[in-house]
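Open the model in your viewer and keep the selection panel handy. We will go from stop to stop, and at each one you will get something to select and a note on what is there.

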Amino acid sequence: MSQTPQAAQERAATLRQQLENANYHYYVEDEPQLTDAEYDQRLRELQALEAEYPELATPDSPTMRVGAKPDSGFPEIEHVVPMLSLDNALDEEELLAFGKRVAKGLERDASALVFCCEPKLDGLAVSLVYENGYLRYGATRGDGRTGEEITNNLRTLRSIPLKLRGDQWPALLEVRGEVYMRHSGFEALNARALENGDKVFANPRNAAAGSLRQLDPAITNQRPLEFCAYQVARIESDAELAATHSGRMALLRDWGLPTNPELAVVEGIDGVVDFCRRLGEKRESLDYDIDGAVIKLDALSDHNVLGFVSRAPRWAIAFKYPAQEQVTQLLDVEFQVGRTGKLTPVAKLEPVQVAGVTVSNATLHNMDQIARLDLRIGDSVRIYRAGDVIPKVVEVVREQRPTDGREIVLPESCPVCGSRVEKLDGEVDARCSGGLYCPAQRKEALKHFASRRALDIDGLGEKLIDLLVEREWVETPADLFRLEAARLAELPRLAEKSANNLVNALETAKHTTLARFIYAIGIREVGETTAANLARHFGTLEALRHAELEALEAVADVGPVVAHHVHTFFRQSHNQQTLDDLIAVGVTWKEEEAGERPQPLSGQTWVLTGSLESMTRDDGKARLQALGAKVAGSVSKKTSAVVAGEAAGSKLEKAMQLGVEVIDEATFIQRLAEWEG
Ligand SMILES: NC(=O)c1ccc[n+]([C@@H]2O[C@H](COP(=O)([O-])OP(=O)(O)OC[C@H]3O[C@@H](n4cnc5c(N)ncnc54)[C@H](O)[C@@H]3O)[C@@H](O)[C@H]2O)c1
Ligand SMILES: [Zn+2]
């Protein structure tokens, strides 16, 4: 180092201030402002400066301390044994240096040392204290000496036993471990947040930290948090206890405290290097984030010999893997149109390596998320990518904002079909209004068109529709009626007989009712009931096609939103064209509607939550509406029943709290079948 003491002093002061700041945002706000790599680099630079100029080292330097003093509204608690950090090794060379260091300290041969290796979970550290087998309290690390007492929140984690298993407990046990969130839980939590128009979490660590440090334990209870033990900090027992770290981990497991299944005991530093390589290869396939491997000398007697430096033990080290967050530039935003017409903004990025994979796209979820991030094209953005998680834009690096950043605007027309894009107030998603006309929505639209409650085309299943669209034999629903049996018979798995049957079924389906036809053309939010009401009200398609907004709003059950959707649909010339084509190929109906169907659910309000396997949520909604039920978006005391699909979240909990009837998908299907006759 060639700096003068003066320059070194100034640099050290700058680094300290940056690190203090970063600590505050990372530990207190759960909103990091630097990447971990940037943070680590600054910390190392400061360490190097302080090593070169020892007079610069101050007792309050970030190199001497861990974390940040909490300021969160939780009671403070002093740690009897401080919760330290870990030194880290950024490559194999540094691992070997660690091996040499401990061998020297212990005056032993490096190849004879035994190490216990485990993944370094990327969550947040907590300490649990058990007295006579019962959980007495739990706390965060805080600044290592003082943490936050968060016992009530920790009690909500199913993986933390409130009472230890068995009966051979120690009189006192203090165990350290990591609270973390699995990728699956993280994605489900974000999906729920998106559905409710809430903030999405940047990465599982932030989600875990933000969830655990909630002042209301009821919120923590709804978050998919898990605990994994990694260290015994204090133990008092009459029984003979294991003399190795791995032995103590086994004891913890016996007492019902989860430890990591990847934990392994290896011999020599070569064994360590091997473990780190293998775990690194496995990292992508794990369902949780790890930022490294933690290597500890296995014999506890060695820990006592080596002891601690100011902020970390000498008998352990963290081997770091490539960061899962990187900064890159946002080149553009494109909008993808999903099968249901939903527009999803996708960030086009300057390609960047993130944890071993090149990333050039990341999801931005929706326009609200773009607004929350305050994102502009040209910005430097921090992105997160891990295993099976879709890469995400975490935040904008404000200091690097260019002066000519471009605003991101929702396109007015669908990038696929050119139809108008609609985003209604209060809705999070923007959608293409093209429906039947939009190629992105073609398959779904055709499936809906052919479905039992629409034109009921017998023998035209989902697979066949996929095939017809992929071969470009069918673009619009009118094309269906132009299919010839001879040509259909060319399709794999479609025998001549079935081809003939399908053509006959299409012929039969041409004769329908106006209500079915209106339902079939797939106007947004026009379910069976609304379609039937529209048909009854207007009597003819001509009248409906030209109806003004006020006239539409006069129809039973049609509010301003649905009226708007119907109006928009019929104002687009390509939709008019589709209707004309259908009529031209011979689709007809009796103008006079037959009597009403029975409506066993009239007066009831239902809520659908979670995802259904056998139908889309819209279908479920349409079928309920056809039976006379109202379908609401949120649960209240007035709710008659809630259908809970896979990964149902807050609505399900609300229903249970209010004592509203909850049925699963199987029961739902069974009841629908009964009611529909
Ligand atoms: N981005 C930022 O602004 C910012 C700010 C502060 C800290 N950080 C990050 O945090 C790190 C420093 O934080 P730190 O002091 O918590 O150190 P650390 O995260 O490098 O190591 C200590 C922590 O490792 C965890 N851990 C996971 N598995 C473990 C195991 N098997 N055994 C022991 N510990 C295990 C514990 O939570 C423990 O507190 C930095 O490397 C940096 O990446 C980032
Ligand atoms: Zn479209």
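Start by selecting Leu121 and Ile290: Ile290, in strand 10, is the bridge partner of Leu121. Please keep in mind along the way that this is a predicted model. Now extend the selection to strand 3 and to strand 10, residues 290-297; the two run antiparallel and are joined by seven bridges.

Zoom out a little to take in the sheet around this pair. It is an open sheet of five strands with mixed pairing, and its order reads 2-11-10-3-9. Colour strand 2 (88-89) and strand 9 (264-267) to mark the edges, where each strand pairs on one side only. Next, show residues 268-282 as a cartoon. This is helix 9, which lies across strand 3, strand 9, strand 10 and strand 11 (316-320). Compare directions as you turn the view: helix 9 runs at about 140° to strand 9.

**The ligand**

Select ligand 1 and what surrounds it. Which residues are the closest to ligand 1? They are Tyr26, Asp36, Ser85, Ala125 and Tyr230, out of 24 residues that surround the ligand. Helix 1 (5-28), helix 2 (36-52), strand 3 (114-121) and strand 8 (225-236) are the elements that give two or more residues to this shell. Colour the shell by residue type and you should find twelve nonpolar residues, six polar ones and six charged ones.

Now colour by domain, with 5-56 as domain 1 and 76-320 as domain 2. Ligand 1 lies between these two domains, because both of them give residues to its shell.

**A set of annotated positions**

Stay in this region and select Asp36, Ala37, Glu38, Tyr39, Asp40, Ser85, Leu86, Glu118, Arg141, Glu178, Lys296 and Lys320, which an unreviewed UniProt entry lists under "binding site". The set spans 285 residues in sequence and its farthest two C-alpha atoms are 25.7 Å apart, so the positions do not all gather at one spot.

Pick out Arg141 from that set; you will find it in the loop between strand 5 and strand 6 (146-148). From there, step back to strand 5 (residues 134-140) and its partner, strand 4 (residues 124-131). These two strands run antiparallel and share six bridges. One bridge to click on pairs Val126 with Thr140 in strand 5. At the turn of this hairpin there are two residues between the strands, and Asn132 takes a positive phi near 45° there.

**Three cysteines**

Select Cys414, Cys417 and Cys438, where an unreviewed UniProt entry also places a "binding site" feature. Do they gather at one spot or lie apart? They span 25 residues in sequence, but no two of their C-alpha atoms are more than 8.4 Å apart, so they gather at one spot. For orientation, Cys414 lies in the loop between strand 16 (389-396) and strand 17 (421-422).

**Domains further along**

The domain assignment also gives domain 3 (326-400), domain 4 (431-590) and domain 5 (605-676). Show domain 3 and domain 4 together: their C-alpha centres lie 36 Å apart. Seven residues from domain 3 and seven residues from domain 4 make the contact. On the domain 3 side, those residues are two nonpolar, three polar and two charged.

**The last sheet**

Finish with the open sheet of four strands in the order 22-21-23-24, where the pairing is parallel. Strand 22 (630-632) and strand 24 (661-664) are its edges, each pairing on one side only. Look along the sheet to see its twist, which averages 30° from one strand to the next. Strand 21 (residues 605-609) is joined to strand 22 by three bridges, and Val607 stands opposite Ala632 in strand 22.

Now add two helices. Helix 23 (residues 617-626) packs on the sheet and touches strand 21, strand 22 and strand 23 (641-644), with its direction at about 165° to that of strand 21. Helix 24 (residues 650-658) also packs on the sheet, touching strand 21, strand 23 and strand 24, and its direction makes about 145° with that of strand 23.

Definitions and conventions: Residues are numbered from 1 along each chain as its sequence is written. Chains are lettered from A and ligands numbered from 1 in the order in which they are written. This is a predicted model: local features need pLDDT of at least 70, side-chain atom pairs count only at pLDDT 80 or more; totals for chains, interfaces and linings use all residues. Two strands pair if DSSP finds at least two bridges between them. Axes are lines fitted to C-alpha atoms, for helices over the stretch in contact, and angles run from 0 to 180 degrees between N-to-C directions. A residue is near a molecule or strand if its C-beta atom, placed from the backbone, lies within 6 Å of it. Ala, Val, Leu, Ile, Met, Phe, Trp, Tyr, Cys and Pro count as nonpolar, Asp, Glu, Lys and Arg as charged, and the others, Gly among them, as polar. Domain bounds come from an automatic or database domain assignment. UniProt positions are given in the numbering used here, feature names are shortened, and annotations may be inferred rather than shown by experiment.
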